[in-house]
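Please follow this explanation with the sequence and the model side by side. It begins with a term that later paragraphs rely on, and then moves from the overall fold to individual side chains.

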Amino acid sequence: LREVIERIAATRSITVLLWQVASVVLLVAAVVWAVWFPLAAGSGSQALVVADGRMSPTANRGDVVIVAPSPDLPYPLDAVVAIDVDGVVVIERVVEELVSDAGRTLVTRADAVTVGPSRQVDPSLVVGSVRRVHRVVGFPALWFDEPSSIVWRVLLILLLVSSAVGTASLVVRAELRRQDRLLVSAIASGDRT
């Protein structure tokens, strides 16, 4: 019976240690993601999360695109640009540039829409051009934006709280082990204080 109890205790100890290590890894990953997101863009650029698959395969849902301010016209054909459409930033590919007496107009289209409507855009609405695409790292931001994601929000908050508690318990565990070693060495040396 004693061996069984010792095995259970050892298993629980290993399970707790694994939970603590996983908690530390998760907490570090969350902090790195929160710090990386604003820094990924660099100065003067923006990091935007792609919310739909309209630009697939260039930029898929959950990707983060880095949009840098673009120089003035002419925009090269095939350039992927970010456009402000009624307060919402969308990314599309430049397929044509129209020049008339009224000025220049860009014709843009989403990559996933090979045939069908294109958009005629005034160049002043172009926020910038897409410089880089970081795959999949934007999903946590999408989870918080979806109205039906209350379950994800609660789970993520519980996971982060669990990670913080696990990290704190790992520190406490190390301190208790240090104190146990000091106590054992004091008893072994005959020190009663």
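A residue is called buried when its relative accessible area is under 20%, exposed when that area is over 50%, and partly exposed in between. Arg 54, with a relative accessibility of 28%, therefore counts as partly exposed, and the same scale is applied to other residues below. It should be kept in mind throughout that this is a predicted model.

Taken as a whole, the protein has three helices and seven strands, and from the N terminus on these elements follow one another in the order α-β-β-β-β-β-β-β-α-α. Of its 193 residues, 24% count as buried, while the accessible surface comes to about 12,700 Å², with 65% of that area belonging to carbon and sulfur atoms. Among the contacts between residues at least 6 apart in sequence, 57% join residues that are at least 24 apart.

The seven strands form an open sheet, in which the order is S1-S2-S7-S3-S4-S5-S6 and the pairing is antiparallel. Strand S1 (46-49) and strand S6 (119-121) stand at the edges of this sheet, and because each has a single partner strand, one side of each is left without a neighbour in the sheet. From one strand to the next, the twist averages 50°. At the S6 edge, three bridges join S6 to strand S5 (residues 103-109), the two running antiparallel, and here Val 107 stands opposite Gln 120 in S6.

Which residues make up the largest nonpolar core? There are 11 in all, namely Leu 48, Val 50, Met 55, Ala 59, Val 65, Val 67, Val 80, Ala 82, Ile 91, Ala 110 and Val 130. The elements that give two or more residues to this core are S2 and strand S3 (80-85). Apart from it lies another core, of eight residues, including Tyr 75, Val 81, Val 90 and Val 126. Returning to the largest core, one of its members, Ala 110, touches Arg 54, Met 55 and Glu 92, when residues up to four places away in sequence are not counted. Two of these contacts, Arg 54 and Glu 92, lead on to the charged side chains.

A search of the whole structure finds five salt bridges. In one of them Glu 92 is joined to Arg 54, with the closest N and O atoms 2.5 Å apart. Since Glu 92 lies in strand S4 (residues 88-100) and Arg 54 in the loop between S1 and strand S2 (64-68), the pair ties together parts that are 38 residues apart in sequence. Glu 92 also meets the side chain of Arg 119 in a salt bridge, at 2.9 Å from N to O. Because Arg 119 lies in strand S6 and Glu 92 in strand S4, this pair ties together parts that are 27 residues apart in sequence. Arg 54, Glu 92 and Arg 119 are thus linked in a network of salt bridges.

Is Glu 92 buried or exposed? With a relative accessibility of 2%, Glu 92 counts as buried, whereas Arg 54, at 28%, counts as partly exposed, and Arg 119, at 26%, counts as partly exposed as well.

A further salt bridge joins Asp 63 to Arg 135, the closest N and O atoms being 2.7 Å apart. Asp 63 lies in the loop between S1 and S2, and Arg 135 in the loop between strand S7 (126-134) and helix H2 (139-145), so this pair ties together parts that are 72 residues apart in sequence. Here the acidic partner, Asp 63, counts as buried at 2% relative accessibility, while Arg 135 is partly exposed, with a relative accessible area of 42%.

The last stop is in a helix. Leu 27 is found in helix H1 (residues 2-41), and at 25% relative accessibility it counts as partly exposed. Leaving aside residues up to four places away in sequence, Leu 27 touches Leu 160, Ser 163, Ala 164 and Thr 167. Leu 27 and Leu 159 are 132 residues apart in sequence, yet their C-alpha atoms are 9.0 Å apart in space.

Note on methods: Residues are numbered from 1 along each chain as its sequence is written. This is a predicted model: local features need pLDDT of at least 70, side-chain atom pairs count only at pLDDT 80 or more; totals for chains, interfaces and linings use all residues. Side-chain values use heavy atoms; hydrogens and water are left out. Helices (H or I, at least four residues) and strands (E, at least two) are DSSP runs, numbered from the N terminus. Buried means under 20% relative accessible area, exposed over 50%, partly exposed in between (1.4 Å probe, protein chains only). Contact means heavy atoms within 4.5 Å. Accessible areas come from the Shrake-Rupley method with a 1.4 Å probe; for residues, only the protein chains shown count as cover. Two strands pair if DSSP finds at least two bridges between them. Axes are lines fitted to C-alpha atoms, for helices over the stretch in contact, and angles run from 0 to 180 degrees between N-to-C directions. A salt bridge is a side-chain nitrogen of Lys or Arg within 4 Å of a carboxyl oxygen of Asp or Glu. A nonpolar core is a set of buried Ala, Val, Leu, Ile, Met, Phe, Trp, Tyr and Cys residues joined through side-chain atoms within 4.5 Å.
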